[in-house]
Amino acid sequence: MASTANELNYMINDLAAKSGQEHYPGPVLRAVQDGNRFVFTCQNGVRLALYVLSDKILRFRYLTDTPLEPDFSYAVPTEAFAKAKPAFLEFTEKDDHYRLTTGRLICLIQKENLRTRVLDRSGTVLTEDEKGFHWEYNDDTGNDIVKMSKQVPAGVHYYGLGDKPDNMNLRGKRFTNWGSDTYGYQKGTDPLYKNIPFYHVLHQRSAHGIFFDNTFKASFDFAAERADVTSFWAQGGEMNYYFIYGPTLMEVAQEYTLLTCPPELPPLWTLGYHQCKWSYFPESNVKEIARGLREREIPCDAIYLDIDYMEGYRCFTWSKAHFPEPKRMVQELAADGFKTVVIIDPGIKVDPNYSVYQEGIAGDFFCRRGDGPLMKGSVWPGLCNFPDYTRPQVREWWAGLFKELIGEIGVKGVWNDMNEPAVFEKGTFPPDVRFDYEGLSASHLKAHNIYGMQMARATAEGVKRFSYPDRPFTITRSTYSGGQRYSSGWTGDNIASWEHLWLANIQCQRLSISGFSFIGSDIGGFVDTPSGELYARWIALGAFHPFFRTHSSGDHGDQEPWSFGEPYTSVARQFIELRYQLLPYMYTTFWQYVTKGTPMLRPLTFLDQSDTETYLRMAEFGLGDHLLVCPITSPGTDGRWMYLPRGDWYYYWTDEPKTGGAEVWAHAPLDRIPLFVKAGAVLPMQPVMQYVGEKVVEELTLHVYYKNGTADSVLYDDGGEGYGYQEGQQTTRRFTVLGTEKTLTLTQTIDGDYQPAFRRYRVVLHGCPDAELVNEQTATFEPATAAGALGAWVVAQDFGQLVFQLGA
């Protein structure tokens with residue numbers, strides 16, 4: 001008997017029919033408030049859970065017709081939600097929409113289609129959905145591809161998104177987050193190592209941020225496909241994003257960083273200069289490098305050991321041939337001021353005679369394929385298994401493995417590499433690899449982008465445990481939003497080229513405004529060999545990056561600061577010495593990052609977002625509150641044109657005053673980098689030393705830059721090591737400069753009980769050469785002893801106020 005079409009309906013694959021079709025929320029049936037959470041339920045089962053975390057932060061969590069999953073995030077700690085409480089919150093229902101009002105924002109939710117619009121309290125639209133939330137079913141994975149599209153108003157600009165090697169302003173571009181081992185990447189290469197789904201939006205001089213907290217492969221279109229639409233989407237998971245209001249770019253960065261949590265303060269030595277190569281071995285070569293640095297009086301705090309220090313690339317082992325007595329070597333290096341940092345990769349060699357492998361097998365700590373076999377992949381040791389760092393027991397085991405390296409041998413830092421995760425020839429793990437994901441179970445599709453972050457987390461737990469009472473130090477190549485809590489980072493396997501010097505500047509700025517300030521690049525380039533000029537220009541830039549390390553691939557020649565001969569050795573020494581002099585300022589800037597969430601590196605737009613001249617510029621950047629830097633990124637030049645933000649500035653090298661809001665020529669031969677100091681700044685500097693702690697700092701120099709007006713500066717100090725600062729052993733010194741045509745007054749207030757080693761200041765005035773101290777009888781004036789130098793007043797470190805008469 002022939003079958004009719006209706007009789008065959010039951011055979012239609014309904015899911016396959018849905019695949020590739022876009023679906024949308026239906027009309028809203030009801031809205032329910034529970035404290036600061038509002039749940040809007042649509043006719044077709046779609047729900048929007050809208051959380052008001054503060055007057056400035058709204059969280060949008062969309063759910064399709066799938067069951068409600070546990071609300072979990074690796075990026076945002078649970079305590080961030082516990083603290084969430086808006087100062088003002090009002091909820092009203094209108095004929096066609098719901099209206100939610102905070103002290104700073106108004107959010108409208110349309111009843112017809114669940115689309116949203118966010119405005120400031122004056123009624124200015126900040127963001128408005130285009131299609132808004134929509135999704136399509138992926139028949140291959142069983143996941144929903146979740147999407148969000150928003151309107152693009154005229155004149156909008158986009159910044160952030162982590163380590164993308166492209167122009168600072170992202171408008172007109174499209175990017176993907178899928179952590180990848182990208183050896184020798186170029187401008188525009190995407191994706192790279194890190195996955196930070198957060199960006200800034202600047203429109204009509206008002207800023208907000210979007211943080212898309214989804215760990216699946218995610219994409220971002222900044223008006224690339226359609227000029228009037230921006231969108232972001234992911235290959236699974238939830239449409240879960242945060243709207244973060246400024247209205248300044250700086251405030252957006254702060255709110256995001258505090259939401260995902262900044263790091264603890266690092267040990268001060270980690271802000272010194274680091275020397276690295278693939279690879280320094282055997283021991284005699286390491287000692288030769290250390291001796292070369294000390295004999296040439298080039299300051300350095302850390303020497304790195306790459307994979308060749310291990311026995312057959314087995315993690316947590318030492319090569320008996322190359323490093324027969326590692327504890328003795330590490331102690332001897334320490335006696336000369338060097339901290340030893342070693343690399344640890346995730347791949348554990350499949351070797352039944354290898355104790356780490358044995359423990360991993362016994363504890364079932366390694367990742368498994370979908371049907372149960374262990375995940376196997378080839379990396380440096382050969383065939384390896386890989387720990388599942390998303391399982392708490394595995395992180396606990398991994399942390400314990402550092403007992404010998406840190407607690408017994410004396411290694412001071414650990415460097416995680418290859419943790420995207422990278423696998424030779426295949427790129428990364430297959431999609432069916434399973435992860436514990438804090439008991440929530442996930443495939444590699446969901447866990448890939450957080451693998452490096454969770455490895456860094458487990459490593460940081462171990463290093464901290466066995467470093468105590470000293471502070472830990474870790475560095476990672478791959479991470480996710482919130483990964484700044486666990487590690488510093490670098491920009492990966494770059495190239496010795498002028499373009500990559502330009503990229504290093506952009507990438508470090510971009511990561512800094514994306515919550516990850518403890519960042520630097522491989523100075524001189526990892527791939528290929530730089531010229532002496534390129535290396536000198538690169539180390540001049542690196543001296544102003546929070547993480548300051550030369551690193552290179554050993555098959556491309558030597559890349560130590562003296563490798564290029566004179567004058568490049570002297571130039572490298574000069575900039576490394578300048579970095580050590582600036583450590584009090586750098587450490588204070590880090591403290592501001594830790595306590596306030598302020599990015600350490602600040603693009604020009606962040607310095608003055610009301611000045612449209614800054615919107616497309618990217619070379620100039622601020623370091624902390626008072627320094628403006630602009631690298632030389634072309635060969636054969638003795639300076640460059642650059643833009644000074646509005647205000648008054650001094651050229652660091654000559655004290656020449658400049659008025660901002662215009663382009664200026666910065667004369668910068670090889671031994672200079674364009675560097676300006678903001679008028680009114682008090683810039684603290686310490687004596688040059690070969691490593692942190694080499695000698696007691698008995699005197700700090702305060703460089704005071706005249707301003708006709710008032711300006712504030714700060715100096716934070718806690719000794720740079722240990723955890724006494726958490727118990728109040730810290731001091732914050734706040735300086736106020738008040739300048740008039742006839743006087744300059746410097747006031748200091750001191751808060752805190754920590755007693756620093758230094759007992760006096762040398763106060764050096766800039767911009768007012770004819771000055772006389774008129775109110776401090778105990779001060780001593782020391783005239784300049786060299787041409788071009790300035791005299792200084794030596795005063796007690798606890799002074800209250802200094803008054804200088806100008807034109808004396």
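I count two strands as paired if DSSP finds at least two bridges between them, and I take helices (H or I, at least four residues) and strands (E, at least two) as DSSP runs, numbered from the N terminus. With that settled, I looked up strand 36 (residues 648-651) and found that three bridges join it to strand 37, the two running antiparallel.

Ground rules. I am working with a predicted model, in which local features need pLDDT of at least 70, side-chain atom pairs count only at pLDDT 80 or more, and totals for chains, interfaces and linings use all residues. Residues are numbered from 1 along each chain as its sequence is written, and side-chain values use heavy atoms, with hydrogens and water left out.

Confidence. I read pLDDT as the predictor's confidence in each residue, from 0 to 100. The protein averages 95, and 98% of the residues score at least 70. Over residues 1-12, however, pLDDT stays under 50, and for this stretch the model has two contacts (heavy atoms within 4.5 Å) beyond four places in sequence.

Record. I noted three domain features from UniProt, whose positions are given in the numbering used here, with feature names shortened and annotations that may be inferred rather than shown by experiment.
- The unreviewed entry lists "Glycoside hydrolase family 31 N-terminal" at residues 48-221; I find 3% helix and 46% strand there, with the end C-alpha atoms 23 Å apart.
- The unreviewed entry gives "Glycoside hydrolase family 31 TIM barrel" as residues 263-588; this span is 36% helix and 13% strand, and its end C-alpha atoms lie 14 Å apart.
- The unreviewed entry places "Glycosyl hydrolase family 31 C-terminal" at residues 597-683; here the chain is 5% helix and 39% strand, with 21 Å between the end C-alpha atoms.

Strands 1 to 3. I followed strand 1 (residues 28-34) into strand 2 (residues 37-42), and the two pair in the antiparallel sense over six bridges, with R30 having T41 as its bridge partner. Two residues lie between the strands of this hairpin, in which G35 takes a positive phi near 65 degrees. Strand 2 is in turn joined to strand 3 (residues 47-52) by five bridges, again antiparallel, and V39 stands opposite A49. This second hairpin has four residues between its strands, and G45 in the turn has a positive phi of about 90 degrees.

Helix 4. I checked the length of helix 4 (residues 283-295) against an expected span of 1.5 Å times one less than its number of residues; its 13 residues should span 18 Å, and the end C-alpha atoms are 18 Å apart, which agrees. Its buried residues (under 20% relative accessible area, with exposed over 50% and partly exposed in between, 1.4 Å probe, protein chains only) include V286, I289, A290 and L293, but also E283, K287 and R294. The buried residues pack against strand 18 (273-275), strand 19 (302-305) and helix 5 (326-335). After the helix comes E297, whose phi is positive, near 55 degrees.

Six-stranded sheet. I returned to strand 36 and strand 37, where Y650 stands opposite P657, and placed strands 36 and 37 in an open sheet of six strands in the order 32-33-34-39-36-37, with antiparallel pairing. Strand 32 (601-603) and strand 37 (657-659) stand at the edges with a single partner strand each, so one side of each is left without a neighbour in the sheet.
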